[in-house]
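Visitor: I am new to this structure and should be grateful for a close look at a single part of it. May I ask you to take me through that part step by step?

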Amino acid sequence: MSFTYRGLKATLERHIITGEEIDRQIERLRQQNPRIAHVDNRPTENGDEVVLDYAGFCDGVQFPGGTAEKQTLVLGSGTFIPGFEEQLLDKVPGEEVVVKVMFPAQYHSADLAGKAAEFRCKIHEIRVKTQYELDDTFAKEVGGCETFAEMREKLAQSLQAYTDERGEMDLQDRLLRQAAATLEFTPSEKQIEAEVGEQIQNLTAQLNQQGLSLEMYCQFMNTTEEKLREDAKGNAEASVRIQAAIEQVVYNENMEATKEEIGQAMAIIARQNNMTLEQLKPYVDAEFEAAVVRSVLTSKVMKLIRDSAEITETQDFQG
């Protein structure tokens, strides 16, 4: 059987992170992390963020869902029902305020729609959000570094490491596809259909996590499930061919997944899902373990192909 997976040639296109990219990431962090200052020398104003407790009553009876403690609210944001936020203006921390409002006629709770209510509130804090200066304070409070220069250097290293990892993953994927293209193997219709089915199943699961169905997705994308399946056949055939290539390398090289490698893979899965290995155990069945073994063997195959390849590295400084 003709199959070449050693001595392949490829180019690793390494992107070098530029100062402009670092600056953009720093600005994103500044926008995502406003500086919060506590105000104690004036009453509340529009735009302030207040921390308050409140309890809602209709006809003197406290109603469910209308109570909260240490709730944050930006005055003027229109987050609460009309009239609520305006009555919290010109107040000071520690002040207790009775806010009287009328629920909208089209309110989502039929029991409250169109009814008068009062909320007994207590304001704990007034906060204002401002933008950080790009200085050592920003580095300490957002970046966890002593100086801005240190934060910038660590961010540059982190971005470069991430970019290098993505570039290496792309290289290994290209090498694996290059090897698979040399394999004398033609996927059967049955294999392709099975892979298409698995891809559609994965898509359905992803949509369900977002509260969507496959039917809704098809409507949004102006397509049909039949068209999705037809369009998936090209990728499905490539996936079947790649899996066949992996299995052939495993066979040729007499590879196996050791207990230690499987255990390490399980530990990574647990960590990625914020679980302990003990918490992961109930989910580990024969199918789950088989998938982990395939993952371990795939990684070993890709490493073998990568280590034996002739790689030319180029560098790109365009950011």
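Which residues in helix 1 meet which residues in helix 3?

Guide: The model before you is a predicted one. On the side of helix 1, the residues in question are Gly19, Glu21, Ile22, Asp23, Gln25, Ile26 and Leu29. On the side of helix 3, their counterparts are Phe148, Met151, Arg152, Leu155, Ala156 and Leu159. Sorted by class, this contact of helix 1 with helix 3 holds eight nonpolar residues, two polar ones and three charged ones.

The geometry of the meeting may be described next. Helix 1 covers residues 19-32 and helix 3 covers residues 148-180. The axes of these two helices come within 10 Å, and they cross at roughly 110 degrees. Since angles of 65 to 115 degrees count as roughly perpendicular, helix 1 is therefore roughly perpendicular to helix 3. The crossing in which helix 1 passes helix 3 is right-handed.

Let us stay with helix 1 for a moment. Two of its residues, Arg30 and Glu27, lie three residues apart, which is about one turn of the helix. Their side chains are joined by a salt bridge, with a distance of 3.0 Å from N to O. As a general matter, side chains of opposite charge can pair when their charged atoms come close. The two partners do not fall into one accessibility class. Arg30 has a relative accessible area of 15%, and because buried means under 20%, Arg30 counts as buried. Glu27, with a relative accessible area of 26%, is partly exposed.

Helix 3 also carries salt bridges, and two of them deserve attention. The first to consider joins Arg174 to Asp170, with the closest N and O atoms 2.9 Å apart. These two residues are four positions apart in helix 3, so about one helical turn separates Arg174 from Asp170. Arg174 is partly exposed, at 30% relative accessibility. Asp170 is likewise partly exposed, and its relative accessible area is 39%.

The next salt bridge in helix 3 links the side chains of Arg177 and Asp173, at 3.0 Å from N to O. Arg177 and Asp173 are again four residues apart in helix 3, about one turn of the helix. Arg177 has a relative accessibility of 43% and counts as partly exposed. For Asp173 the relative accessible area is 30%, and Asp173 is partly exposed as well. Elsewhere, salt bridges that share partners join Glu49, Glu125, Arg127 and Lys129 into one network. The count of salt bridges in the model comes to 22.

Arg177 leads us to another contact of helix 3, this one with helix 6. Helix 6 comprises residues 225-253. Helix 3 and helix 6 pack at an angle of about 85 degrees, and their axes are 9 Å apart. By that angle, helix 3 is roughly perpendicular to helix 6. From helix 3, the contact is made by Leu176, Arg177 and Ala180. From helix 6, Ala238, Arg241, Ile242, Ala245 and Ile246 take part. By class, the contact of helix 3 with helix 6 has six nonpolar residues, no polar ones and two charged ones. Arg177 thus appears in two settings: in a salt bridge with Asp173, and in the contact with helix 6.

Before helix 6 comes a loop that merits a brief look. Asn222 lies in this loop, between helix 5 (214-220) and helix 6. Although Asn222 is not a glycine, its phi is positive, at about 55 degrees. Asn222 is exposed, with a relative accessible area of 72%. Asn274 may be set beside it. Asn274 is found in the loop between helix 7 (259-272) and helix 8 (277-280). Asn274 is not a glycine either, and has a positive phi of about 55 degrees. Its relative accessible area is 72%, and Asn274 is exposed.

To return to the part you asked about: helix 1 and helix 3 have axes that come within 10 Å, and the residues that meet there include Ile22 and Leu29 from helix 1, with Met151 and Leu155 from helix 3.

Technical notes: Residues are numbered from 1 along each chain as its sequence is written. This is a predicted model: local features need pLDDT of at least 70, side-chain atom pairs count only at pLDDT 80 or more; totals for chains, interfaces and linings use all residues. Side-chain values use heavy atoms; hydrogens and water are left out. Axes are lines fitted to C-alpha atoms, for helices over the stretch in contact, and angles run from 0 to 180 degrees between N-to-C directions. Angles under 35 degrees count as roughly parallel, over 145 as roughly antiparallel, 65 to 115 as roughly perpendicular and the rest as oblique. A crossing is left-handed if the near helix is turned anticlockwise from the far one by less than a right angle, and right-handed if clockwise. Contact means heavy atoms within 4.5 Å. Ala, Val, Leu, Ile, Met, Phe, Trp, Tyr, Cys and Pro count as nonpolar, Asp, Glu, Lys and Arg as charged, and the others, Gly among them, as polar. A salt bridge is a side-chain nitrogen of Lys or Arg within 4 Å of a carboxyl oxygen of Asp or Glu. Buried means under 20% relative accessible area, exposed over 50%, partly exposed in between (1.4 Å probe, protein chains only).
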